[in-house]
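Let's take a walk through this structure together. Keep the picture open while you read, and look up each residue as it comes along.

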Amino acid sequence: MNEFPEIFELNAGDYVETFVKWLTTDHMAVFDSIRDGILAFLLRMQSIISFIPWFVIIGIVFIAGWRLKGVRSGLFYTLMLLTIGLLGYWNDTLLTISIVLTAVIISLVIGIPFGILSANYKRMDNIVRPVLDAMQTMPSFVYLIPAIMLFGLGMVPAVFATTIYALPPVIRLTTLAINSVSKEMIEAAESFGPTPWQALLKVELPQAMPTIMAGVNQTTMMAMAMVVVSSMIGAKGLGYSVLIAINRTDIAMGFDAGISIVFLAIIIDRLTQSIGDKFRHDE
Amino acid sequence: MEKIRVENLTKIFGKHPQKALEELEKGKKRDEILKETHHTVGIGNVSFSVHEGETFVIMGLSGSGKSTLIRCLNLLNKPTAGKIFVDDENILDYDKKALRQFRQTKIAMVFQHFGLFSHRSVLENVEFGLEIKKMDKEERVTKSLEMLKAVGLEGWEYHKVSALSGGMKQRVGLARALANEPEIILMDEPFSALDPLIRRDMHTELLDLQAKLKKTIIFITHDVNEAFKLGDRIAVLKDGEMVQIGTPEEILDNPADEYITNFIEDIDRSRVLRAENIMRKRSLKIGKNTAAKIALEILNDSDYEHGFITDRHDNRILGVVDADDLLLAIKGKLPIAEVMHTDFVSVSEDAYVKEVLEIAAATKYPVAVVNGEGEYVGRIQRAALLKALV
């Protein structure tokens, strides 16, 4: 009596599986072209990043840190990057950065317009909000399965899974940002008779920018976290080294790769955060 | 000339305004409708018209619907029922494009909390309206600089808005509205967020600007003194309904109901009433060539102690006499001109009572009132002055 009767069962998972299978068999061409697109973008990103000499990258990070936060932060970031290099994870770091960047760019291109639309159309928001809730509560590993089914193993499904995982914060915060632009400012803009585009570009977006940048920062951090997980389906880079270390129970390697991820995450977080601060304007 | 005509305007807030509108048309009151249908009547059945070039003040306590009303005039609020004619066009018939055109060219608004764009510099704020109109950069910068100069903000063009004080921010708001060269300016309690001294400066400035520009201004306020100082005509709004419309003097003289009486109780009447409102019109005057004996009879027949001596041809005041002076003239067989006093004082008919008070304190004669051409039009006795103040 304590057990739920087995005759009532709902195999929701089966339906999803059927759906994904149907997608991959009947619409292979669509996913092939998506894959080719993502791959081309990713490779371009990689070749640009790996083309830059290591000392130039460190130089750029130093200058960015110095300009945005101060000399001490700049030096601190430089030191962290040098440590990553000394530990022997320079190339893996570059790979990770290029996957993260690709995923973040795709997330922003999709997420910001979605956020703006949700802010303007209540009905759209009613649909998008529960989807985002679901996306955020779903364990990150779950995204790996459809990613593999749609795109196979390799970098592309990794980028795909990372993008999906990193998408919610930028949508949410864009919606929040646009909705919290002061009412009087919106009225002031409206009173001059702008087109919806003019109002968006000249007032709403600039006003919303600090909050949107907070969303960009969170999206980047989520991508950073996911890219490690998605090493399980073939994303090379720092996460892959961690995965190998786990398999071999190699504590030394795990620590080196792990600390590199932490350093990289700190640098990216601080830099994107302080870019956001630059957009802040007081009333 | 009539610029704006509002007919039976109603704005109801809530999900199903039509239902509440029916109730309103049945003659139900605002609180009844709120209780029964949970709809707020912002304004109900308001009609008025505004003349070209006048400052029309809408006065009311908070919650009286004045902000709702002014926002209907540029359709920031969409009215539930009624008509709004601007230059004989019903703006409620406008489609989106026509509405944009209307807002870009005809009407501009100044906000209570300024509504400035914090991501733009002072200059860029003023440029905003012109930018929306797609005026080219050079032209709009020239024009905006000019406007900033007109409101006394020279030297602040490239500062951030946040660096400005409240008064200066509202000047930016005003310059931004004026830069668009609108025919109508809506001002929603523009000075109520400022401290009293700054507010007084802004009043003077607005009056000066308006004397030059002659725009049609709709001005919202809850401050009676402000309303009476700035308004050519004043409309009093209560619970979303228009209680009275009239010139400041009309409202002071004949408050329509107790609400208005209470409202105007603590107003400084000496700053509202003018000499012409309290003077005795065409009161006793004596020609300069009148015989002293006849003059004395005229004076004794009247209830005045003093008589003004005027020139019959151009109606100018020459002097003032009392009965003793005339007796002196009769005794000495002198013409009136020899005995009259010329140290009388006169004020223009549009002088405020406040100015008359200062002058009256320094003379023992009644104050003569003259019109623009310098002709005698009336007099103000001390008793009239006292009466005007209470």
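**A greasy patch, some rings and the whole chain**

Start on the outside of chain A, where A:F41, A:L101, A:I105, A:V109, A:I110 and A:F114 make a nonpolar surface patch of about 470 Å². Keep in mind that what you're looking at is a predicted model. Which helix gives the patch its largest share? That's helix α5 of chain A, residues 90-120, with five residues. A:F41, on the other hand, is found in helix α2, which covers residues 28-51 of chain A. Its relative accessibility is 35%, so A:F41 counts as partly exposed, since that label covers values from 20% to 50%.

Now for the aromatic rings. Over all chains, the count comes to 13 aromatic pairs. One of them is A:F62 with A:W66, a stacked pair with 6.2 Å from centre to centre and 20 degrees between the planes. Why are these two about one helical turn apart? Because they are four residues apart in helix α3 of chain A, residues 54-68. A:F62 has a relative accessibility of 23%, so it counts as partly exposed. A:W66 is partly exposed too, with a relative accessible area of 36%.

Another pair to find is A:F151 and A:F160, which is tilted: the centres are 5.0 Å apart and the planes 55 degrees. Is A:F151 buried or exposed? With a relative accessible area of 2%, A:F151 is buried, because anything under 20% gets that label. A:F160 comes out at 22%, so A:F160 counts as partly exposed. Add A:F31 to A:F151 and A:F160, and you have one aromatic cluster.

Rings can have charged company as well. Go back to A:W66: the charged end of A:R67 sits over its ring, 4.6 Å from the centre. Hop over to chain B and you'll find B:R176 lying over the face of B:F117, at 5.0 Å from the ring centre.

Finally, zoom out to chain A as a whole. Chain A has twelve helices and zero strands, and its C-alpha trace spans about 65 × 60 × 45 Å along the principal axes. Of its 283 residues, 45% are buried. How do contacts link up the sequence? Take the contacts in chain A between residues at least 6 apart in sequence: 78% of them join residues at least 24 apart. As for the outside, the accessible surface of chain A comes to about 15,200 Å², and 69% of that belongs to carbon and sulfur atoms.

Terms used
Residues numbered from 1 in each chain as written. Chains lettered and ligands numbered in written order. Predicted model: local features only at pLDDT ≥ 70, side-chain atom pairs only at ≥ 80, totals over all residues. Heavy atoms only, no water. Patch = residues over 30% accessible without salt bridge, like charges linked within 9 Å, V, L, I, M, F, W, Y side chains within 5 Å. Areas by Shrake-Rupley, 256 points an atom, 1.4 Å probe, with all protein chains shown as cover. Salt bridge = Lys/Arg side-chain N within 4 Å of Asp/Glu carboxyl O. Buried < 20%, exposed > 50% of the residue type's maximum accessible area, 1.4 Å probe, protein only. Phe/Tyr/Trp six-rings, centres within 6.5 Å; stacked < 30°, edge-to-face > 60°. Lys NZ or Arg CZ within 6 Å of the ring centre and 35° of its normal. Contact = heavy atoms within 4.5 Å.
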